[in-house]
Amino acid sequence: MSSTPQHRSAGQLRDAIGDQVVPCVAQPALFFAPDDSSRNGERPAARELRERSARTLCASCPAKGLCLELARLERPAYGIWGGFTATEITNSKREAA
Ligand code: SF4
(Lines give C-alpha, C1' and ligand atoms only; values in the text may rest on other atoms or scores of the structure.)
Protein backbone atom coordinates (compact mmCIF):
# COMPACT_ATOMS: atom_id res chain seq x y z
CA MET A 1 0.00 0.00 0.00
CA SER A 2 1.76 3.17 -1.10
CA SER A 3 1.22 6.49 0.62
CA THR A 4 1.34 10.04 -0.68
CA PRO A 5 -0.10 12.46 1.88
CA GLN A 6 -2.09 15.24 0.22
CA HIS A 7 -3.58 16.80 3.39
CA ARG A 8 -7.06 17.12 1.91
CA SER A 9 -10.10 17.20 4.16
CA ALA A 10 -12.67 14.42 4.16
CA GLY A 11 -15.13 16.81 2.50
CA GLN A 12 -12.68 17.65 -0.29
CA LEU A 13 -12.00 13.97 -0.84
CA ARG A 14 -15.71 13.12 -0.92
CA ASP A 15 -16.32 15.91 -3.44
CA ALA A 16 -13.45 14.70 -5.65
CA ILE A 17 -14.70 11.11 -5.48
CA GLY A 18 -18.21 12.32 -6.29
CA ASP A 19 -16.90 13.84 -9.52
CA GLN A 20 -15.94 10.36 -10.75
CA VAL A 21 -18.01 7.43 -11.98
CA VAL A 22 -17.28 4.84 -9.32
CA PRO A 23 -18.51 1.22 -9.33
CA CYS A 24 -19.51 1.08 -5.67
CA VAL A 25 -22.34 3.59 -6.11
CA ALA A 26 -24.38 1.02 -8.01
CA GLN A 27 -23.55 -1.87 -5.66
CA PRO A 28 -23.04 -0.52 -2.13
CA ALA A 29 -23.79 -3.85 -0.42
CA LEU A 30 -20.91 -5.47 -2.29
CA PHE A 31 -18.44 -2.95 -0.86
CA PHE A 32 -19.77 -1.70 2.42
CA ALA A 33 -21.56 -4.58 4.12
CA PRO A 34 -20.77 -4.72 7.84
CA ASP A 35 -18.48 -7.49 9.03
CA ASP A 36 -21.22 -9.04 11.10
CA SER A 37 -21.82 -12.59 9.93
CA SER A 38 -23.92 -13.47 12.98
CA ARG A 39 -26.51 -10.85 12.09
CA ASN A 40 -26.61 -10.85 8.32
CA GLY A 41 -25.88 -14.53 7.90
CA GLU A 42 -22.97 -14.04 5.51
CA ARG A 43 -20.73 -17.06 5.63
CA PRO A 44 -16.94 -16.70 5.49
CA ALA A 45 -16.71 -18.12 1.96
CA ALA A 46 -19.45 -15.79 0.72
CA ARG A 47 -17.76 -12.85 2.39
CA GLU A 48 -14.43 -13.74 0.80
CA LEU A 49 -16.07 -13.94 -2.62
CA ARG A 50 -17.87 -10.62 -2.07
CA GLU A 51 -14.71 -8.89 -0.95
CA ARG A 52 -12.72 -10.31 -3.85
CA SER A 53 -15.35 -9.01 -6.29
CA ALA A 54 -15.24 -5.56 -4.68
CA ARG A 55 -11.44 -5.47 -4.79
CA THR A 56 -11.52 -6.34 -8.49
CA LEU A 57 -13.85 -3.41 -9.19
CA CYS A 58 -11.77 -1.06 -7.03
CA ALA A 59 -8.68 -1.96 -9.06
CA SER A 60 -10.08 -0.16 -12.11
CA CYS A 61 -11.85 2.65 -10.24
CA PRO A 62 -10.72 6.15 -11.27
CA ALA A 63 -11.07 7.35 -7.67
CA LYS A 64 -9.05 4.57 -6.05
CA GLY A 65 -6.31 6.84 -4.67
CA LEU A 66 -8.80 9.38 -3.34
CA CYS A 67 -10.88 6.62 -1.77
CA LEU A 68 -7.89 5.13 -0.01
CA GLU A 69 -6.85 8.56 1.24
CA LEU A 70 -10.35 9.12 2.62
CA ALA A 71 -10.38 5.73 4.33
CA ARG A 72 -7.00 6.41 5.93
CA LEU A 73 -8.38 9.69 7.23
CA GLU A 74 -11.70 8.36 8.50
CA ARG A 75 -10.72 4.82 9.54
CA PRO A 76 -13.99 3.09 8.60
CA ALA A 77 -15.07 0.15 10.75
CA TYR A 78 -15.86 -2.10 7.81
CA GLY A 79 -16.06 -2.30 4.05
CA ILE A 80 -13.71 -2.33 1.09
CA TRP A 81 -12.06 1.01 0.33
CA GLY A 82 -9.63 1.52 -2.51
CA GLY A 83 -9.21 -2.24 -2.79
CA PHE A 84 -8.43 -2.82 0.89
CA THR A 85 -10.49 -3.93 3.87
CA ALA A 86 -11.03 -1.53 6.75
CA THR A 87 -8.82 -3.78 8.88
CA GLU A 88 -6.00 -3.69 6.32
CA ILE A 89 -6.21 0.11 6.19
CA THR A 90 -6.13 0.41 9.98
CA ASN A 91 -3.19 -1.96 10.22
CA SER A 92 -1.24 -0.09 7.53
CA LYS A 93 -1.72 3.16 9.46
CA ARG A 94 -0.37 1.49 12.59
CA GLU A 95 2.66 0.15 10.71
CA ALA A 96 3.35 3.60 9.23
CA ALA A 97 3.16 5.32 12.64
S1 SF4 B 1 -11.94 2.50 -4.97
FE2 SF4 B 1 -13.41 3.36 -3.49
S3 SF4 B 1 -14.73 4.68 -4.73
FE4 SF4 B 1 -13.70 3.24 -6.10
S5 SF4 B 1 -15.07 1.47 -6.30
FE6 SF4 B 1 -13.61 1.02 -4.66
S7 SF4 B 1 -14.68 1.65 -2.80
FE8 SF4 B 1 -15.73 2.66 -4.52
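I began by fixing what counts as surrounding the ligand: a residue is near a molecule if its C-beta atom, placed from the backbone, lies within 6 Å of it. I noted that this is a predicted model, in which local features need pLDDT of at least 70, side-chain atom pairs count only at pLDDT 80 or more, and totals for chains, interfaces and linings use all residues. I also noted that residues are numbered from 1 along each chain as its sequence is written.

**Ligand shell.** I found that 14 residues surround the ligand, and that the closest are Val-22, Cys-24, Cys-58, Cys-61 and Cys-67. Helix 4 (44-59), helix 5 (64-74) and strand 1 (80-81) each give two or more residues to this shell; helices (H or I, at least four residues) and strands (E, at least two) are DSSP runs, numbered from the N terminus. I sorted the shell into twelve nonpolar residues, one polar and one charged, where Ala, Val, Leu, Ile, Met, Phe, Trp, Tyr, Cys and Pro count as nonpolar, Asp, Glu, Lys and Arg as charged, and the others, Gly among them, as polar.

**Fold.** I looked up the secondary structure, which comes to six helices and two strands, and from the N terminus on the elements run α-α-α-α-α-β-β-α.

**Contacts of Leu-66.** Leaving aside neighbours within four places in sequence, I found Leu-66 in contact with Leu-13, Ala-16 and Ile-17; two residues are in contact if their C-beta atoms, placed from the backbone, lie within 7 Å.
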